Amino acid sequence: EPRIPLPGHGTGLNHCPPGMARQGSGAMLASGGLGFPPQNLARVVVWEWLNEHGRWRPYSAAVCHHIENVLKEDARGSVVLGQVDVQLAPYVIDLQSMHQFRQDTGTMRPVRRNFYDPSSAPGKGIVWEWENDNNSWTPYDMDICITIQNAYEKQHPWLDLSSLGFCYLIYFSSMSQMNRQTQRKRRLRRRMDLAYPLTMGSIPKSQSWPVGTSTGTPCSCPQCLLVNSTRAASNAILASQRRKLYPGAVRQSSTFAGGALWPAGTGTAAVAGGTAKGEGLRVPGGAFAPNQSVPNGAPLPGLNNLNRPGTQRGAGLGTRATVPPGVPALPVKNLNGTGPVHPALAGMTGILMCAAGLPVCLTRAPKPILHPPPVSKSDIKPVPGVNGICRKTKKKHLKKSKTPEDVVRRYIQKVKNPPDEDCTICMERLVTSSGYEGVLSHRGIKPELVGKLGKCGHMYHLLCLLAMYNNGNKDGSLQCPTCKAIYGEKTGTQPPGKMEFHLIPHSLPGYTDSKTIRIVYDIPTGIQGPEHPNPGKKFTARGFPRHCYLPDNEKGRKVLKLLIVAWDRRLIFTIGTSNTTGESDTVVWNEIHHKTEFGSNLTGHGYPDPNYLDNVLAELLAQGVSEATLKD
């Protein structure tokens, strides 16, 4: 799901108290539930997706143009969003079920096709955005954007958003947004973008299904080839099975035109945990030819049902369906975390079945289990074999040790006759002078001097090693730039904070016979020191306290002891740019991976993971923290 911060949840807009809010729809026009504007009336089309907080978020204008182009070709097809926006590469919209599907996680979200006046903000390509906590810009919901633009065009000095359910004032003179409760201000901006697509009346009905019947040229990208080939194969298999099970019930055609495949009241198929136990998918009931009426007067689903608010549901959803003998069951993943199939396969199964005309019940997206059940203080115990339960670090104190020249000389041996090879620091030949000659000069170190590191044997100009050391943390240690071997005790630039560790009486997935070691890191915001990227500038600390988990076994306790050493050496965290949010000058992990999911592994940061303990031991060793450290 495209990760756009929600206004009102710590990043911008707060909802007003219930008594102050009313439903606001901007310039949105009613579409009669069909997903089409009135005949012969031009309207701007904005496609939107429903986020986890119940708010409809607009896709960009470029994405909406792409969806509309696909819609004109096949109103029951799939839209690969990565073709127009690389950031949306995992996402596919299924126009039949009106859901957005994330291929790598199986997450599904409803989408809708909305209409606005051509003279409104989306029709003019105007986007209003507010600055979030990461110093990046987030677009307002479309109805708020239209309201702001209307007030801006009328030259109002300010705008009160309480009528739309938000306790904010917009000041156009200062281009700012103010929270009426907290008085906090944020910047906002108005920018020009591509205008959203314009449509008039309805669109042509969809073509028949398998791919290849379309008169247009099919897309040849790998994603589309996969989706289209799977669809065609699935459709053929379904038709073949139904012909075998119910001879004569289905016309001799390899396509479905959206007709219902069993009578109302006989139950529905449940995909991804729609049934009580999530055991699988069963296709009940009789079969009907395309466009044939269903008994009991149940209408057939239409081809262009583009504003359907939810998924198809039958009368027998809450009970086990009556399944004729011989109808196969397709096991699919229960998105709550149990079952034999990956959630992504379950999601794709749902899309394929819905496109074939089969009713599908879509469940909510899985949520990671980040924390264990509540634990009382009396149940929290020290970790056996580990001293204490807490480590604190204060401001970094640089060691008043030897000079940089002394540090370099400590770990190298002079080479009288160096080989005719490159120095991998300055890329000059070792038999010539260092590339830092004239840039860096130190008494007693001539530019042509070459040294060999004692443990690994790699050779460099002494002046190059000195330049590398001066550009680092200057902690008295040296790291070979070729093999990463560490000489001395490496320390990092982790800001001040606290590390707690204790035992809790719960087990991790994959370690049912062991209790769990919980580690809690807490680092407050502060000012960067001389060893940080921007000395004197404030740094942020997002997501603290951070909870991490290890199994309470021999290897888990060994990892904990080494993590304590790494913490004392300030190697767990550093200050840099977040790979997740793009925010700079913030506390980030420092190449030692931790498990932050307690009861699941949906993000890859949880259990079971049989290789994790060995992997983290290797990462600690790369930072110079080894078992030999514990013996010392």
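**Close-up views of a predicted model**

**View 1. Surroundings of Asp422 in the loop between β17 (412-415) and β18 (450-453).** The model shown here and in the following views is predicted. Asp422 has a relative accessible area of 34% and is therefore classed as partly exposed, since this class lies between the limits of 20% and 50%. Residues up to four places away in sequence being left out, Asp422 touches Met427, Glu428, Arg429 and Leu430. His461 lies 39 residues from Asp422 along the chain, and the C-alpha atoms of these two residues are separated by 9.9 Å.

**View 2. Crossing of helix α6 (residues 404-411) with helix α7 (residues 462-470).** The two helix axes come within 10 Å and cross at roughly 120°. This angle makes α6 oblique to α7, because it falls outside the ranges counted as roughly parallel, roughly antiparallel or roughly perpendicular, the last of which runs from 65 to 115 degrees. The crossing of α6 and α7 is right-handed. On the α6 side, the contact involves Pro404, Glu405, Val407 and Val408; these meet Leu462, Leu465, Leu466, Tyr469 and Asn470 of α7. By class, the contact of α6 with α7 comprises seven nonpolar residues, one polar residue and one charged residue.

**View 3. Packing of helix α8 (residues 554-568) with helix α9 (residues 612-622).** The axes of α8 and α9 come within 10 Å, with a crossing angle of roughly 25°. The pair is therefore roughly parallel, as angles under 35 degrees are assigned to that class. The crossing in which α8 passes α9 is left-handed. From α8, the contact is made by Lys555, Gly556, Lys558, Val559, Leu562, Leu563 and Ala566; from α9, Leu613, Asp614, Val616, Leu617 and Leu620 take part. The residues of the contact of α8 with α9 divide into eight nonpolar, one polar and three charged.

**View 4. The largest nonpolar core, with 43 residues.** Trp47, Tyr59, Ile67, Leu81 and Tyr140 are the residues with the most contacts inside this core. At least two core residues are supplied by each of the strands β1 (42-50), β4 (91-94), β6 (108-116), β7 (126-131) and β10 (168-171), and likewise by each of the helices α1 (61-73) and α3 (142-153).

**View 5. A second nonpolar core, separate from the largest one.** This core has 40 residues. Among them are Ile564, Trp567, Val587 and Tyr607.

Notes: Residues are numbered from 1 along each chain as its sequence is written. This is a predicted model: local features need pLDDT of at least 70, side-chain atom pairs count only at pLDDT 80 or more; totals for chains, interfaces and linings use all residues. Side-chain values use heavy atoms; hydrogens and water are left out. A nonpolar core is a set of buried Ala, Val, Leu, Ile, Met, Phe, Trp, Tyr and Cys residues joined through side-chain atoms within 4.5 Å. Buried means under 20% relative accessible area, exposed over 50%, partly exposed in between (1.4 Å probe, protein chains only). Helices (H or I, at least four residues) and strands (E, at least two) are DSSP runs, numbered from the N terminus. Axes are lines fitted to C-alpha atoms, for helices over the stretch in contact, and angles run from 0 to 180 degrees between N-to-C directions. Angles under 35 degrees count as roughly parallel, over 145 as roughly antiparallel, 65 to 115 as roughly perpendicular and the rest as oblique. A crossing is left-handed if the near helix is turned anticlockwise from the far one by less than a right angle, and right-handed if clockwise. Contact means heavy atoms within 4.5 Å. Ala, Val, Leu, Ile, Met, Phe, Trp, Tyr, Cys and Pro count as nonpolar, Asp, Glu, Lys and Arg as charged, and the others, Gly among them, as polar.
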